[in-house]
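Work through the exercises below with the sequence and the model side by side. Try each task before reading its solution.

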Amino acid sequence: LSHEQSFYKPDRRVYVALVKKTKIVPEETVFVDDRKNNLLPARTLGMKTIHFTTLPRLKKKLLAMDVTASARR
């Protein structure tokens with residue numbers, strides 16, 4: 001979580017810390033945020049991104065990406 005760091009989204013260091021802490025594979029990760037400017041740093045690390053606007057739209061985009069794994073926190 002960015003509030004646990006000394007820097008905040010969209011600072012790229014937040015995303016790098018997330019990858020290191022959770023040991024996720026960026027290319028196998030979907031990052032969802034309601035602010036477009038928070039998506040670019042995730043995308044530069046190789047994550048797929050979704051701009052959240054509504055729940056039905058998010059579900060549709062996840063299905064289109066064939067996302068079936070449970071979410072990690």
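The exercises go from the overall fold to single residues and side-chain pairs.

The model is predicted, so local features are taken only at pLDDT of at least 70 and side-chain atom pairs only at pLDDT 80 or more, whereas totals for chains, interfaces and linings use all residues. Residues are numbered from 1 along each chain as its sequence is written, and side-chain values use heavy atoms, with hydrogens and water left out.

**Exercise 1. The order of elements**

Task: Establish how many helices and strands the protein chain has, and in which order the elements run.

Solution: Begin with the assignment, in which helices (H or I, at least four residues) and strands (E, at least two) are DSSP runs numbered from the N terminus. On this basis the protein chain has three helices and two strands, and from the N terminus on they follow the order α-β-α-β-α. Next consider burial, where buried means under 20% relative accessible area, exposed over 50%, and partly exposed in between (1.4 Å probe, protein chains only); of the 73 residues of the protein chain, 27% count as buried. Finally, take contacts (heavy atoms within 4.5 Å): among those between residues at least 6 apart in sequence, 28% join residues at least 24 apart.

**Exercise 2. The strand pair and its crossover**

Task: Determine how β1 and β2 run relative to each other, parallel or antiparallel, and which hand the β-α-β unit has.

Solution: Two strands pair if DSSP finds at least two bridges between them. Four bridges join β1 to β2 (residues 48–51), and the two strands run parallel, with V32 standing opposite I50 in β2. The connection includes helix α2 (residues 39–44), and together β1, α2 and β2 form a right-handed β-α-β unit; the hand is right if, with the strands pointing away from the viewer, the path from the first strand over the helix to the second runs clockwise. As a last step, look at the two faces of β1 (residues 30–33), where F31 and D33 make up the covered face, while V30 and V32 make up the uncovered one.

**Exercise 3. Side chains on the covered face of β1**

Task: Find which residue forms an aromatic pair with F31, and which residue forms a salt bridge with D33.

Solution: Start with the rings of Phe, Tyr and Trp (its six-membered ring), which pair if their centres lie within 6.5 Å, planes under 30 degrees apart counting as stacked, over 60 as edge-to-face and the rest as tilted. A search of the whole structure gives one such pair. The ring centres of Y15 and F31 are 5.4 Å apart and the planes stand at 70 degrees, so the pair is edge-to-face. This pair links distant parts of the chain, Y15 in helix α1 and F31 in strand β1, which are 16 residues apart, and both Y15 and F31 are buried.

Turn then to salt bridges (a side-chain nitrogen of Lys or Arg within 4 Å of a carboxyl oxygen of Asp or Glu), of which the structure holds two. In one of them K9 is joined to D33, with the closest N and O atoms 2.9 Å apart; this pair too links distant parts of the chain, since K9 lies in the segment before α1 and D33 in strand β1, 24 residues apart. D33 counts as buried because its relative accessibility is 7%, whereas K9, at 35%, is partly exposed. The other bridge joins D11 to R13, whose closest N and O atoms are 2.6 Å apart.

**Exercise 4. Backbone exceptions**

Task: Identify which peptide bond is cis between K9 and P10 or trans, and what phi K23 and D66 have.Solution: The background is that most residues other than glycine have a negative phi, and most peptide bonds are trans. The bond from K9 to P10 is cis, with omega near 10 degrees, and P10 lies in the segment before α1. K23, which is not a glycine, has a positive phi of about 60 degrees; K23 lies in the loop between α1 and β1 and counts as exposed because its relative accessibility is 69%. I24 is in the loop between α1 (12–22) and β1, yet I24 counts as buried, at 14% relative accessibility. D66 likewise has a positive phi, near 60 degrees, and is placed in the segment after α3 (55–64); at 60% relative accessibility D66 counts as exposed.
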